[in-house]
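I opened my notebook today to look around one structure and write down what I found. Come along and check each entry against the picture.

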Amino acid sequence: MKDTDILLVKPVPPLIVEALDAAFTLHRLYDEDDPEGWLEANGGRVRGMVCGNFPLDADLLDRLPALEIASNLGVGYDSVDVAAAKARGVMVTHTRSVLDDEVADTAWALVLMTVRGLARADRYVRAGRWQSEGAFPLARHSLKGSRLGIIGLGRIGRNIAARAEASGMEILYHGRHEQADQPYLYYGDLREMARDCDVLLNCAPGGPATEKMIDAAVLEALGPEGYVINIGRGSSMDEAALIAALEAGTIAGAGLDVFEDEPEVPQALRDMENTVLLPHIGSATIPTRTAMFQLVVDNLTGWFGRGEALTPVPEMEGA
Ligand code: NAP
């Protein structure tokens, strides 16, 4: 495999760089003085690449005519034009399954921090307000007996549902399909589910199909006692509508791990007391990230060593 050319467009963690450097001929586009010139001269030799931290679009794919596989770092691959890759016979893989529990734990922490006001309570103690103002205000809801509406009951969503069940919540879900093997109540209409739940949690993929799906109408349906949690993608939330709803009291609060324009987080969201804001850390532990990095490498070594990708994205099945 050492004579196989692999491209890094943007920097990736050392584990990936070192493993790929040992197994392949590795090119770092970000180190080139003239990346366009390098692509012009050498793009035709590249057979594999790592993606996920830049847009892999038809234009870039056209400059890599020998590309066989793009190994995406992350389970979400909305930065990859999969249709364009598939049309050119390029395999796309992602790091599914190895992060499900980690992301579900983060989601569940975000629910508790937001709905039970735990992040705000921490700030209350630090600011000395316990002594000066007395007891912290009571939370509106107990999780037990409340209704959680999950958008995207997939691998991560089902792990979140298990945590919600342990907390005594009733679970509803929305997706494009009803899942016959799931015991939870299905809603084909997102607004209807928002109307019927206390906590609306998004863990669906990003991309055009889910763009701004949580809009003003959905937030209005959620209502002034309702909380929205987003651990999926920032693109699925209409952030301007969210800010307006929080300012107007249309909803009670929001817990967000993902944003429209990361790492930019609107000042309005930062200034509010009823928001909890995390810097996209759903899977951010050393063991889980290490497993993801290893899977990025294993997909490439599997492909070039045995002609087999380990974890293709669903669109590749039967390709
Ligand atoms: P998954 O197993 O593929 O599940 C995705 C779920 O979303 C499916 O149940 C699917 O159900 C639903 N869905 C897909 N398209 C939809 C649409 N247009 N409208 C409504 N529902 C839709 O994926 P996963 O492994 O659970 O990961 C889910 C997402 O979590 C990733 O794509 C990524 O964006 C996000 N994520 C975030 C972090 C973080 O750090 N915050 C970490 C990992 C992943 P139907 O097929 O029935 O529609």
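**Entry 1: A histidine in a loop**

I began with His 280, which is partly exposed at a relative accessible area of 32%. Before going on I noted that this is a predicted model. I then looked up where His 280 sits, and found it in the loop between β12 (275-277) and α13 (286-306). Its backbone caught my eye: the phi of His 280 is positive, about 50°, although the residue is not a glycine.

**Entry 2: A serine with a positive phi**

I turned to Ser 97, where phi is near 75°, a positive value in a residue other than glycine. This serine belongs to the loop between β5 (91-93) and α5 (100-115). I also checked its cover: Ser 97 has a relative accessible area of 40%, so I wrote it down as partly exposed.

**Entry 3: A cis peptide bond**

Next I went through the peptide bonds. Which form does the bond from Glu 262 to Pro 263 take? I read an omega near 5° there, and the bond is cis. I placed Pro 263 in the loop between β11 (253-256) and α12 (267-271).

**Entry 4: The whole chain**

Time to step back and see the chain as a whole. I counted 13 helices and 12 strands in the protein chain. Its C-alpha atoms fill a box of roughly 65 × 45 × 30 Å along the principal axes.

I wondered how the radius of gyration compares with that of a compact globule. For 319 residues such a globule would have a value near 20 Å, and the protein chain has 22 Å, which agrees.

How much of the chain is buried? I found that buried residues make up 49% of the 319 residues. I looked at contacts too: of those with a separation of 6 or more, 59% are between residues 24 or more positions apart.

For the outside, I noted an accessible surface of about 14800 Å², with 51% of it belonging to carbon and sulfur atoms. I finished with the charges: the protein chain has 28 positive and 48 negative ones, and their mean positions are 4 Å apart.

**Entry 5: Aromatic pairs**

How many aromatic pairs does the structure hold? I noted 3. Two things go into describing such a pair: the distance of the ring centres and the angle of the planes.

I took Tyr 124 and Phe 136 as one example. Their ring centres are 5.1 Å apart and their planes stand at 70°, so I called the pair edge-to-face; the cut-off for that word is an angle over 60 degrees. Tyr 124 lies in helix α6 (residues 118-126) and Phe 136 in the loop between α7 (129-133) and β6 (147-151), so the pair ties together parts that are 12 residues apart in sequence.

Are the two partners buried or exposed? I found Tyr 124 buried, at a relative accessible area of 6%, whereas Phe 136 counts as partly exposed at 25%.

Another pair I looked up is Tyr 173 with Tyr 186, which is tilted, with 5.2 Å from centre to centre and 55° between the planes. Here Tyr 173 comes from strand β7 (residues 170-174) and Tyr 186 from strand β8 (residues 185-187), so the pair links parts of the chain 13 residues apart. Tyr 173 is buried, with a relative accessible area of 1%.**Entry 6: Three residues and their surroundings**

I picked Ala 23, found in helix α1 (residues 14-23). With a relative accessible area of 19%, Ala 23 is buried, since buried means under 20%. Leaving out residues up to four places away in sequence, I saw that Ala 23 touches Met 1, Lys 2 and Thr 301. Ala 23 and Lys 2 are 21 residues apart along the chain, yet their C-alpha atoms are separated by 5.5 Å.

Then came Leu 112, in helix α5. I noted it as partly exposed, at 28% relative accessibility. Not counting residues up to four places away in sequence, Leu 112 touches Gly 117, Leu 118 and Leu 143. From Leu 112 to Glu 225 I followed 113 residues along the chain, and their C-alpha atoms are separated by 15 Å.

My last stop was Ala 216, in helix α10 (residues 216-222). Ala 216 is partly exposed, with a relative accessible area of 47%. How far is Ala 216 from Asp 3 in space? I noted 53 Å from C-alpha to C-alpha, with their places 213 residues apart in sequence.

Note on methods: Residues numbered from 1 in each chain as written. Predicted model: local features only at pLDDT ≥ 70, side-chain atom pairs only at ≥ 80, totals over all residues. Heavy atoms only, no water. Helix = DSSP H or I, 4+ residues; strand = E, 2+ residues; numbered from the N terminus. Rg over C-alpha atoms; globule rule 2.2 N^0.38 Å. Buried < 20%, exposed > 50% of the residue type's maximum accessible area, 1.4 Å probe, protein only. Contact = heavy atoms within 4.5 Å. Areas by Shrake-Rupley, 256 points an atom, 1.4 Å probe, with all protein chains shown as cover. Lys, Arg positive; Asp, Glu negative; His and termini not counted. Charge placed at Lys NZ, Arg CZ, Asp CG, Glu CD. Phe/Tyr/Trp six-rings, centres within 6.5 Å; stacked < 30°, edge-to-face > 60°.
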